[in-house]
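Dear colleague,

I am handing over the structure below, and my notes on it follow. Please read them with the model open.

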Amino acid sequence: MHVSLSISTTFFASQQQSSTVSHTLIVMGGSVVVNVARVMMVITMMVAVVPSTCRAIINDNHHQQLYPVVLVPGAGGNQLEARLTAEYKGTSWLCSRFFPVKKQDGGWFRLWFDVGVLLAPFLECFAERMTLYYHPELDDYRNAPGVETRVCQFGSTQSLLYLDPNLKHITSYMEPLVESLQELGYTDNKTMFGAPYDFRYGLAAEGHPCDVGSTFLQNLKQLIEEASDSNGGNSVVLISHSLGGLFVLQLLNRNPPSWRKQYIKHFIALAAPWGGTVDEMLTFASGNSLGVPLVNPLLVRNEQRSSESNLWLLPRTKQFPQEKPLVVTRNSTYSSFDISRFLEDIGFPEGVQPYQKRILPLVEKLVAPGIPVTCIIGSGVQTPESLYYGEEGFDKQPEIVYGDGDGTVNMASLMALVDEWRDEENQRLKVIKVDGISHTNIIKDDESLDQIVKEITIINEDLPTSSFVSSS
């Protein structure tokens with residue numbers, strides 16, 4: 001039996017760690033998004049949504065010998081647009097279908113991200129328009145009635161760069177990573193591609209419908225094949241952040257080994273929550289705004305609970321043992337083995353059925369895909385490990401005991417593949433730890449970007465010099 005499992009640890013000190021954690025709003029299950037201090041400087045000037053039409057990025061750099069790259073963002077890591085039909089009924093006059101006043105052709109407007117979500121009068125409108133509904137008779141999720149959504153510029157990295165292109169310096173997401181790849185010679189829509197998706201939706205176990213998530217996997221597969229075909233048949237390097245890594249692993253394992261061998265060169269997973277997070281239990285119990293002063297977590301709690309992908313990010317039993325208390329109240333203690341009871345007790349019984357039938361079988365095993373995988377993770381950042389609730393229950397934020405991780409994902413989850421793939425044949429796994437780097441900063445900080453660029457450079461070194469490179 002041949003097992004190729006290498007773990008490389010790199011330690012860097014990050015002086016920006018504390019400010020990053022306190023100034024970052026993570027709304028959707030563990031990713032992104034905005035620097036709140038900067039937002040507060042301009043929020044008084046932003047009272048309406050400014051429409052912005054997506055346009056392709058043009059880069060005239062000369063082509064180099066490169067394996068094509070496809071970027072898959074994390075939850076909240078790309079723009080979402082919405083429009084409201086006559087079926088939509090807002091809960092207040094502020095939330096009527098005529099708001100926002102300024103829209104693009106066809107009535108589309110940016111739903112995610114808009115600085116207006118930080119203004120209390122409009123936060124409820126945002127939450128009700130982002131909310132998903134599980135339909136037991138369909139065994140699937142749908143948007144709120146009268147709300148249609150779409151992603152922007154699939155195939156391009158444009159909607160991954162900034163969550164709001166009108167506020168680039170405030171809502172930058174993958175911009176630093178894309179710029180680093182451009183310095184290597186990558187060009188958008190030629191050798192570098194983006195795969196945005198509706199991150200509220202997730203995937204389900206085999207035998208259960210999952211229209212939105214399955215359609216995304218089909219589109220991602222087609223994008224990979226087209227990226228390879230347009231680059232002389234060279235296989236593709238997949239780079240994911242956070243939740244995107246779970247989608248990528250599912251894509252690989254839902255396609256035959258022959259397809260993986262032909263189309264996938266390498267999979268680089270940045271801060272992937274393989275085993276879920278304790279932070280997600282905080283999101284379900286009390287809502288999660290990470291201390292941002294403008295957002296009442298209770299106002300977004302129902303919307304966060306409704307997200308199919310958030311159920312996917314609850315702690316797995318293999319990474320969080322039964323004897324480890326994750327949530328403690330005056331009357332009960334919950335481990336990763338008690339998630340169904342936890343959902344009942346926090347007042348979200350409608351989450352139990354999809355969790356038990358759709359999610360638990362899905363996360364039962366992390367199947368090794370048989371293609372090279374590199375995990376780059378942050379460490380040494382205080383990460384919620386146990387939540388303690390007092391007499392006021394789940395409507396008040398808990399006291400938190402912290403452990404190691406990247407500030408969002410626990411170390412046991414970040415390192416899950418090491419244990420689960422230890423005895424797998426022909427599975428190459430490399431893990432790089434970057435000390436002091438948070439979950440969001442893994443795609444922004446110079447130290448972690450250097451590691452990503454280094455890995456890409458090593459991968460490209462074995463590209464044959466005679467390989468065809470596209471010229472259009």
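Helices α3 and α10 run roughly parallel to each other (a term for angles under 35 degrees), because their axes, lines fitted to C-alpha atoms over the stretch in contact, meet at an angle of about 10° and lie 8 Å apart. Helix α3 covers residues 120-130 and helix α10 residues 297-306, helices being DSSP runs (H or I) of at least four residues and strands runs (E) of at least two, numbered from the N terminus. From α3, Leu123, Glu124, Phe126, Ala127 and Met130 make the contact, meeting Leu299, Val300 and Glu303 of α10, where contact means heavy atoms within 4.5 Å.

This is a predicted model, in which local features need pLDDT of at least 70 and side-chain atom pairs count only at pLDDT 80 or more, while totals for chains, interfaces and linings use all residues. Residues are numbered from 1 along each chain as its sequence is written, and side-chain values use heavy atoms, with hydrogens and water left out.

In the largest nonpolar core (buried Ala, Val, Leu, Ile, Met, Phe, Trp, Tyr and Cys residues joined through side-chain atoms within 4.5 Å, buried being under 20% relative accessible area with a 1.4 Å probe, protein chains only), Val70 and Trp274 touch the most other members out of 130 residues. Helix α7 (residues 243-253) gives the most to this core, namely seven residues.

An open sheet of mixed pairing has four strands in the order β12-β11-β14-β15, where pairing requires at least two DSSP bridges between two strands. Strand β14 (residues 383-388) pairs with β15 in the antiparallel sense over five bridges, and Leu387 stands opposite Ile400 in β15.

Best regards

Key
Axes fitted to C-alpha atoms, helices over the stretch in contact; angles between N-to-C directions. Buried < 20%, exposed > 50% of the residue type's maximum accessible area, 1.4 Å probe, protein only.
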